[in-house]
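Student: I would like to go through this model term by term and ask what each label rests on. Please set each value against its cut-off.

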Amino acid sequence: MAVAARPPAAGGPAGLKIALVVFVCLTVASLAFAIVLYTGQEELTQSSEAARKNAQTAGQREQEARAALQELAFRVLAKRIDDPVEINATLETVAAAIFGKDPTKITDLAKQIIADAGIKRNDPLLTTLQALHQALTRQTEKLQAAEIDVKNLGDELAARTADLKRTQDQFATDADALKNRVAELEQQVAANQGAWQQNVAKLRQQAEAEEERASDQLASERKQRQVLEQQLAQNRTRITELVATLATFRPSAETTSLLEIADGYVVQTVWEQRIVYVNLGRKDHIKPGMTFAVYSKIRGIPADGKGKATIRVTNVFETTS
């Protein structure tokens, strides 16, 4: 800073020196003040620039924070919001949508979802959303498993339906065949019944004819029986008469002794052919068909006159039979 010089006062060199000293002091002081003033102004300028930069940085940070807040709100709430009040209101709306506006009126389904997720109203939204996402993932897996089960059941149902359809078709075919067979059998039964009735009628006629013949034959046999009974009575009478007559011809002891005389002897026996040879032939007047009683040579003729065997002549030779 320049200071105007005063004119030298009258007073000699001492005054000049003083004035010079004063001038130097004032100059130095002015220089010092100028330096201080310049330094302060520089510092103020630097401070102002720093403040401006800080304000600019703060503004930029605020814009970045608002952009980040908008991005976060968009990611969480699906819309870009940078007003904290509106964000809080929206978060309350989301919480109300999850937990219900009135906890006492929440549905059973919502209670089940909240219980499965293990979340609370006071939990952070990110934690709540993550828990809901995990619960949704589990439910999705269960749903996929259930869909697989439903598909398998559907395939099994389709297979069983196809089997049932085939069974029904086979049953219908068999039923038709059985109906046709029943119709054929009914026709056969009707035909057989007609034939049976005809046979019954014929059998009745034959039975009646046989009955008539049997009646006639019975009457004839009765007559024959009567005749036979009469003949039997006559024969019995005749037998009685013959027995009485035979009694008069009963042989005596001498006659019995004659019977003990043998007519002939068995000379040879062929057991396997049941043939015996006797020593009687044509010269002895033997004829085929004659019978002889055989007695033991040692024991002779028993008291009852029965022999131990009977032989019949089949072939006759000259001296044997």
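Tutor: Start with the salt bridge: a side-chain nitrogen of Lys or Arg has to lie within 4 Å of a carboxyl oxygen of Asp or Glu. The model is predicted, and every value below is computed from it.

Student: Why is the pair of E318 and R282 called a salt bridge?

Tutor: The closest N and O atoms of E318 and R282 are 3.7 Å apart. The cut-off is 4 Å, so the pair counts as a salt bridge. The pair links distant parts of the chain, with E318 in the segment after β4 (309-312) and R282 in the loop between β2 and β3, 36 residues apart.

Student: What makes R282 and E318 partly exposed rather than buried or exposed?

Tutor: Buried means under 20% relative accessible area and exposed means over 50%. R282 has 48% and E318 has 45%. Both values fall between the two limits, so both residues are partly exposed.

Student: Which residues does R282 touch, leaving aside its neighbours within four places in sequence?

Tutor: R282 is in contact with V316, F317 and E318. In addition, the C-alpha atoms of R282 and T319 are 6.3 Å apart, although 37 residues separate the two in sequence.

Student: How many salt bridges does the structure hold?

Tutor: There are 10. One of them joins R225 and E229, at 2.9 Å from N to O. That distance is within 4 Å, so the label applies to R225 and E229.

Student: Where do R225 and E229 lie?

Tutor: Both are in helix α4, four residues apart, which is about one turn of the helix. R225 has a relative accessible area of 56% and is therefore exposed, the limit being over 50%. E229, at 43%, is partly exposed because the value lies between 20% and 50%.

Student: What separates R166 and D163 along the helix?

Tutor: R166 and D163 are three residues apart in helix α4 (residues 125-248), so about one helical turn separates them. They form a salt bridge, with the closest N and O atoms 1.9 Å apart. D163 has 35% relative accessibility, and therefore counts as partly exposed.

Student: How do you know that β1 and β2 pair?

Tutor: Pairing needs at least two bridges between the strands. Four bridges join β1 (residues 266-270) to β2 (residues 275-278), so the condition is met. The two strands run antiparallel, and Q268 stands opposite Y277 in β2.

Student: What is notable about the phi of R274?

Tutor: Phi of R274 is positive, about 55°, although R274 is not a glycine. R274 is in the loop between β1 and β2, a hairpin with four residues between the strands. With a relative accessible area of 79%, R274 passes the 50% limit and is therefore exposed.

Student: Where does H285 lie, and what is its phi?

Tutor: H285 lies in the loop between β2 and β3 (291-294). Phi of H285 is near 60°, a positive value in a residue other than glycine. At 65% relative accessibility H285 counts as exposed, because the limit is over 50%.

Student: What makes a group of residues a nonpolar core, and which residues make up the largest one?

Tutor: The members must be buried nonpolar residues joined through side-chain atoms within 4.5 Å. The largest core has eight residues: V278, L280, I286, F292, V294, I311, V313 and V316. As core members they are buried, so each has under 20% relative accessible area. Leaving aside neighbours within four places in sequence, L280 is in contact with residues including I286, F292, D263 and T319.

Student: Why are L20, F23, V24 and V28 called a patch and not a core?

Tutor: A patch takes residues with over 30% relative accessible area, whereas a core takes buried ones, under 20%. L20, F23, V24 and V28 form a nonpolar patch on the surface, with about 350 Å² of accessible area together, and L20 is in helix α1 (residues 13-77).

Student: How many helices and strands does the chain have, and what share of the residues is buried?

Tutor: There are five helices and four strands, in the order α-α-α-α-α-β-β-β-β from the N terminus. Of the 321 residues, 10% count as buried.

How values were computed. Residues are numbered from 1 along each chain as its sequence is written. This is a predicted model: local features need pLDDT of at least 70, side-chain atom pairs count only at pLDDT 80 or more; totals for chains, interfaces and linings use all residues. Side-chain values use heavy atoms; hydrogens and water are left out. Buried means under 20% relative accessible area, exposed over 50%, partly exposed in between (1.4 Å probe, protein chains only). Contact means heavy atoms within 4.5 Å. Patches are made of residues with over 30% relative accessible area and no salt bridge: like charges are joined within 9 Å, nonpolar side chains (Val, Leu, Ile, Met, Phe, Trp, Tyr) within 5 Å. Accessible areas come from the Shrake-Rupley method with a 1.4 Å probe; for residues, only the protein chains shown count as cover.
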